[in-house]
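Please look over the sequence and the structure shown below before reading on. The briefing that follows takes up a few topics in turn, each with its own group of points.

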Amino acid sequence: LNLLRAARDAGVQRFIHLSTINVHGLPPPPNANADSPLSFVGDFYSVSKAEGERAAWQFARENKIALTVIRPACTYGPCSNAWTLTPLDRLRRGRPVLIGDGNGICNAIYIDNLIDLILLTLKNDAAVGQSFIGAEGRGVTWREFYGVYAKMLGISKINAMPRWFPLSIAIMFERLAKLNGYPPRVARSSIDFYSHRVMFDIEKSKRLLNYSPRVSFEEGMRRTEMWLRSEKIL
């Protein structure tokens, strides 16, 4: 809201609000897309982002701001902490990174593809008042996603844990949260994030913006590895 107020006062013509695919719930509904309803139940991060969207839309209506919402998926590539540096660190430490067989859908997006989508929304009036999924529409699994990083590191085995184990821990933290009033350190929705099989639909981006991810998953990971080696992280 502070950013929107500043934008209004400065006469900004177009405001792009970056949200997350998590606002659709964990697990997301089957055939989840940009027009799927927001969910206000789940982990603290996802709910706070949904609340942020709701506040942004209300402010935009009341102040006639040209608002567009983009909900990025797991954005990897150069300089990405959450989906490049952290996965590498966890693999190096031998931490379990997969739940079950690792066949949950990752919904990864390479940073350049996300930037392309953002630029398209800035240039196209059809994007005003609309929301879009910042994903690639590819069924990359977590095993495939972490597998590429493992190959970069020369690791042959990716550690996994059965779904019941983190689920039982999440239930314990959720019960504890009811007693102390703090958000649980691990929530069941976090487990669903790594195990659901929903691939987000990006048809709306294709139809309204003529969006098409120009960097393939293989090429995105190749560029990521080049950056990691240039920075001597690998």
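Is isoleucine 115 buried or exposed, or does it fall in between? In this predicted model, isoleucine 115 is partly exposed, since its relative accessible area comes to 39%. The points below begin with the surroundings of this residue and then turn to strands, cysteines and charged pairs.

**A nonpolar patch**
- Isoleucine 115 lies in helix H4, which covers residues 111-123.
- Together with Leu119 and Leu122, Ile115 makes up a nonpolar patch on the surface, and the accessible area of these residues together is about 230 Å².

**Strands and a β-α-β unit**
- Strand E1, made of residues 15-18, has side chains that alternate, with Phe15 and His17 buried and pointing to one face, while Ile16 and Leu18 point to the other face and are not buried.
- Strand E1 pairs with strand E2 (residues 67-72) in the parallel sense, over four bridges, and within this pairing histidine 17 has valine 69 of E2 as its bridge partner.
- A right-handed β-α-β unit is formed by E1, helix H2 (residues 44-63) and E2.

**Cysteines without disulfides**
- The structure holds zero disulfides, and the distances between sulfur atoms help to show why for two of its cysteines.
- The sulfur of cysteine 106 has its closest cysteine sulfur in cysteine 74, at 4.4 Å, which is too far for a bond because a disulfide needs the two sulfur atoms within 2.5 Å.
- For cysteine 79 the closest cysteine sulfur is also that of cysteine 74, but here the distance is 18 Å, again too far for a bond.
- Cysteine 106 is buried, with a relative accessible area of 2%, whereas cysteine 79 is exposed, with a relative accessible area of 60%.

**Salt bridges**
- The count of salt bridges in the model comes to 14.
- Arginine 188 and glutamate 174 meet through their side chains in a salt bridge, at 2.7 Å from N to O, and this pair links distant parts of the chain, with arginine 188 in helix H7 (residues 188-195) and glutamate 174 in helix H6 (residues 164-180), 14 residues apart.
- Of these partners, glutamate 174 is buried at 17% relative accessible area, while arginine 188 is partly exposed at 40%.
- Glutamate 219 forms a salt bridge with arginine 223, with the closest N and O atoms 3.0 Å apart; the two residues are four residues apart in helix H9 (residues 217-230), so they are separated by about one helical turn.
- Glutamate 219 and arginine 223 also belong to a network of salt bridges that links them with Asp112 and Arg222.

Key:
Residues are numbered from 1 along each chain as its sequence is written. This is a predicted model: local features need pLDDT of at least 70, side-chain atom pairs count only at pLDDT 80 or more; totals for chains, interfaces and linings use all residues. Side-chain values use heavy atoms; hydrogens and water are left out. Buried means under 20% relative accessible area, exposed over 50%, partly exposed in between (1.4 Å probe, protein chains only). Two strands pair if DSSP finds at least two bridges between them. A crossover is right-handed if, with the strands pointing away from the viewer, the path from the first strand over the helix to the second runs clockwise. Patches are made of residues with over 30% relative accessible area and no salt bridge: like charges are joined within 9 Å, nonpolar side chains (Val, Leu, Ile, Met, Phe, Trp, Tyr) within 5 Å. Accessible areas come from the Shrake-Rupley method with a 1.4 Å probe; for residues, only the protein chains shown count as cover. A salt bridge is a side-chain nitrogen of Lys or Arg within 4 Å of a carboxyl oxygen of Asp or Glu.
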